[in-house]
Amino acid sequence: MSHSKNDRNSVQMKISYSWLKDYIKINQSPEEICDILTQTGLEVGGLDEVETVKGGMKGLVIGEVVTCEPHPNSDHLSKTTVNIGAHELLPIVCGAPNVAAGQKVVVATVGTTLYMGDDEFTIKKSKIRGEVSMGMICAEDEIGIGTDHDGIIVLDETAKLGTAAKDYFKIESDWVIEIDLTPNRIDGASHIGAARDLAAFLKKTEDIEYTKPSVKDFKVDNHNLEIPVEILNPEACPRYTGVTISGVEVKESPEWLQNRLKIIGLSPINNVVDITNYVLFETGQPLHAFDAAEITCGKVTVRTLPGGTKMITLDEVERELHENDLSICNEMEPMCIGGVFGGINSGVKESTRNIFLESAFFDPVFIRKTARRHGLNTDASFRFERGIDPNGVIYALKRATMLIKEIAGGTISSEIVDIYPEPVEDFKVDVTYKNITRLIGKDLGETQIKNILTSLEIKIENETEKGLALLVPPYRVDVKREADVIEEILRIYGYNNIEIPTQVNSSLQTAEKPDPNRVRELVAEMLTAQGFNEIWSNSLTKANYYDGLKNYKEEQTVKMLNPLSADLNGMRQTLLFGALGSVSYNANRQNKNLKFYEFGNCYFYKGTELKDKPANNYWEENHLGLFITGNKEAESWTAKEETTSFYDIKTYAENIIKRLGVAIEKTKLTETENELFAEGLTYTFNNKVILELGIVANIWLKKFDIENPVYYADFNWDNVFQIHRKHKVLFEELPKFQAVRRDLALLVDKNIKFNQIKEAAFKVERQLLRNVDLFDVYEGKGVPEDKKSYAVSFILRDDQRTLNDKQIDKTMQKLITAFGREFGAELR
């Protein structure tokens with residue numbers, strides 16, 4: 001049922017290649033069709049070959065049990081020989097209690113893979129209790145056509161030996177095209193919608209049209225079941241139509257209808273419900289079938305009800321209606337949440353004999369708010385929220401009615417009720433040839449422009465020398481301005497057909513110094529050269545990610561008033577979650593060695609309400625995120641496999657701030673308290689956080705089904721850039737006198753950090769000391785349990801003269817004394 005709940009939050013539309021060919025006669029391959037659809041703005045996200053039964057029953061054949069006798073070494077197994085039409089009989093050991101000689105059965109030959117739910121196994125030649133078995137006689141659950149496992153499938157005697165099981169059971173194979181619909185292209189959320197765009201594109205080079213199934217033979221058989229309709233909230237329901245069908249037989253759908261739905265991922269329910277789903281994915285118009293016996297007093301009312309009214313929906317959940325939720329009601333109670341979800345009592349069931357079929361146009365804003373309030377995202381609400389064709393409801397109603405009469409029997413027992421007080425007119429848009437050429441960058445010619453518009457079902461109301469007055473059909477909810485029409489012309493003409501101009505016009509502008517864009521490009525080029533890929537994540541995310549966090553408080557989340565879905569109901573406070581989505585997407589496609597970076601804004605709500613200056617209620621920060629996971633290098637015989645680590649992300653991050661002129665030795669390092677990290681470091685400069693980095697906490701990896709550790713560095717780019725603005729590059733000649741290195745092995749407490757030693761060294765000796773590095777840490781034999789050994793190098797240099805041993809020894813002794821005094825350090 002089109003109002004039934006579907007657990008899919010994405011805006012993805014599945015198109016069956018063979019189903020599509022019912023409406024347009026195409027010779028192009030599925031791959032070519034995908035390319036054309038993408039060019040026309042219906043971006044294809046995937047192309048998969050699918051079967052109505054998983055695996056397509058490859059390797060399964062029809063056989064006959066020739067002999068069947070008890071297994072000599074088992075009291076519950078049978079030893080059989082099976083003829084599958086080959087030269088030799090197959091010996092097969094079978095455990096089914098109903099196996100017998102003379103039966104026609106389904107045989108899985110050696111090498112066949114069988115699927116049971118998410119599990120799969122391959123048939124192998126084996127010995128079972130000492131007897132050779134070269135195959136398996138199958139039960140229905142083992143081949144994917146049912147759930148029974150009490151015994152093997154016994155086929156009709158007329159089944160032919162050696163016939164492929166996929167042919168016997170009429171298993172269909174097809175190509176499924178997954179279209180990633182943008183919110184403005186709801187007109188493409190159907191097979192006819194995709195066919196319409198294909199025809200418009202292909203018509204440039206061939207004589208082709210798309211066709212819709214005819215409904216001209218629709219006629220009313222009698223008037224035995226007239227059900228009147230009243231709309232009490234016309235602003236929420238601009239058009240409502242319905243018709244009754246009497247004497248239907250509710251049962252399983254025919255195979256062809258079940259297969260059509262299975263191919264696109266829907267589960268068949270019964271013939272009436274399946275037809276409403278079929279017509280939904282055919283035309284894009286949601287439908288709903290009511291059991292007419294549940295329409296008490298024989299009248300349908302479209303209205304809102306008092307807040308708190310309760311009803312049980314199809315998922316057996318009791319819901320409280322909001323005062324602005326539109327309901328389809330009988331005289332006593334709500335039967336359905338209009339445009340969103342059906343009620344459990346009024347739906348079509350096996351006992352149903354008479355139905356009232358609804359086809360309506362609901363206001364998108366009403367439906368969107370209702371769906372969000374109840375946390376529902378159905379195939380119906382998805383389309384109503386974005387705006388369907390108000391003038392297509394009658395066609396879909398007639399189409400579904402005729403199919404129900406054909407498949408479920410019955411008679412059309414009423415006239416069509418059509419309440420449409422204010423018909424939606426075509427959108428009037430004027431375009432000029434001059435602007436078409438200017439925006440497209442090419443003169444397409446008047447004839448070609450008019451042909452494209454006609455192919456898109458945009459009517460030309462009037463034509464002048466300068467341009468056209470157009471009437472755009474209401475199903476194109478996104479085409480209301482001149483620029484929209486020009487975009488329509490361009491997408492059908494083809495973006496790839498616009499030549500790159502030989503002349504580029506530009507205007508000179510001065511930029512602030514340093515140029516923020518140039519600095520970003522500098523860092524981006526630096527990261528790209530190190531093997532990173534740039535990603536762009538959606539600024540919208542799940543608001544509940546921030547529930548219970550201290551660093552990113554839930555009340556600071558900027559929340560959407562009318563979110564597209566529960567997954568996109570708040571603006572991000574961190575770049576992490578979008579990046580983890582990218583990591584998960586790649587890892588699930590066997591691309592696990594990843595280096596990503598992203599520049600992006602993060603958004604925050606102050607929690608105050610300044611009505612005179614509402615913009616001051618919010619602030620945003622510019623951030624740079626680095627993300628690494630997997631191995632350092634791709635698998636190769638020339639390189640040893642080595643996983644990324646904390647020190648890799650630390651090196652990448654510190655190289656960036658060094659490149660931008662931030663003095664690492666002047667930054668303060670502390671252990672991070674950010675709950676996004678399992679452990680890590682926080683870098684502050686002049687009491688401002690410039691960088692946090694570490695390993696992402698497991699709680700977040702689990703939310704995104706990521707198995708490998710992910711290392712993350714988060715730059716507060718605004719703070720980093722402010723430091724960079726003050727940075728001046730100064731020239732200094734190379735030193736004339738040689739530097740000297742001295743090493744110390746310091747025994748210190750385990751809680752002493754190297755950074756503390758480094759800071760103390762520069763406090764003691766500012767004139768000669770040039771650099772301090774840690775080159776080894778040792779804990780183990782010869783070192784007390786509460787101690788560790790640091791091997792530290794010191795670089796000394798005097799720019800005025802060559803250092804002598806006396807100066808060097810004096811400086812090193814000062815350092816040793818200071819380390820002993822401040823940290824209790826001892827020389828090893």
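**Reading the fold and one helix**

Author: A compact globule of 828 residues would have a radius of gyration near 28 Å, whereas the chain in this predicted model has 36 Å.

Reader: What does the C-alpha trace span along its principal axes?

Author: The trace spans about 115 × 90 × 60 Å, and the secondary structure carried by the chain comes to 20 helices and 40 strands.

Reader: How many of the residues count as buried, and how much area does the chain expose?

Author: Of the 828 residues, 49% count as buried, while the exposed area is about 42500 Å², with carbon and sulfur atoms supplying 47% of it. Among contacts with a separation of 6 or more, 71% are accounted for by residues 24 or more positions apart.

Reader: Where does pLDDT stay under 50?

Author: That applies to residues 1-10, for which the model nevertheless has 45 contacts beyond four places in sequence; for the chain, the mean pLDDT is 91, and 98% of residues reach 70 or more.

Reader: How should I read the buried positions of a helix, and which residues are buried in α2?

Author: The general idea is that an α-helix has 3.6 residues a turn, so residues three or four places apart point the same way. In α2, which runs over residues 30-39, the buried residues are P30, I33, C34, I36, L37 and Q39.

Reader: What covers the buried residues of α2?

Author: The cover includes the helices α1 (17-20), α5 (191-202) and α13 (482-493), together with the strands β2 (44-51) and β12 (173-180). Just after α2, G41 takes a positive phi of about 100°.

Note on methods: Residues are numbered from 1 along each chain as its sequence is written. This is a predicted model: local features need pLDDT of at least 70, side-chain atom pairs count only at pLDDT 80 or more; totals for chains, interfaces and linings use all residues. Side-chain values use heavy atoms; hydrogens and water are left out. pLDDT is the predictor's confidence in each residue, from 0 to 100. Contact means heavy atoms within 4.5 Å. Helices (H or I, at least four residues) and strands (E, at least two) are DSSP runs, numbered from the N terminus. The radius of gyration is taken over C-alpha atoms; the globule rule is 2.2 Å times the number of residues to the power 0.38. Buried means under 20% relative accessible area, exposed over 50%, partly exposed in between (1.4 Å probe, protein chains only). Accessible areas come from the Shrake-Rupley method with a 1.4 Å probe; for residues, only the protein chains shown count as cover.
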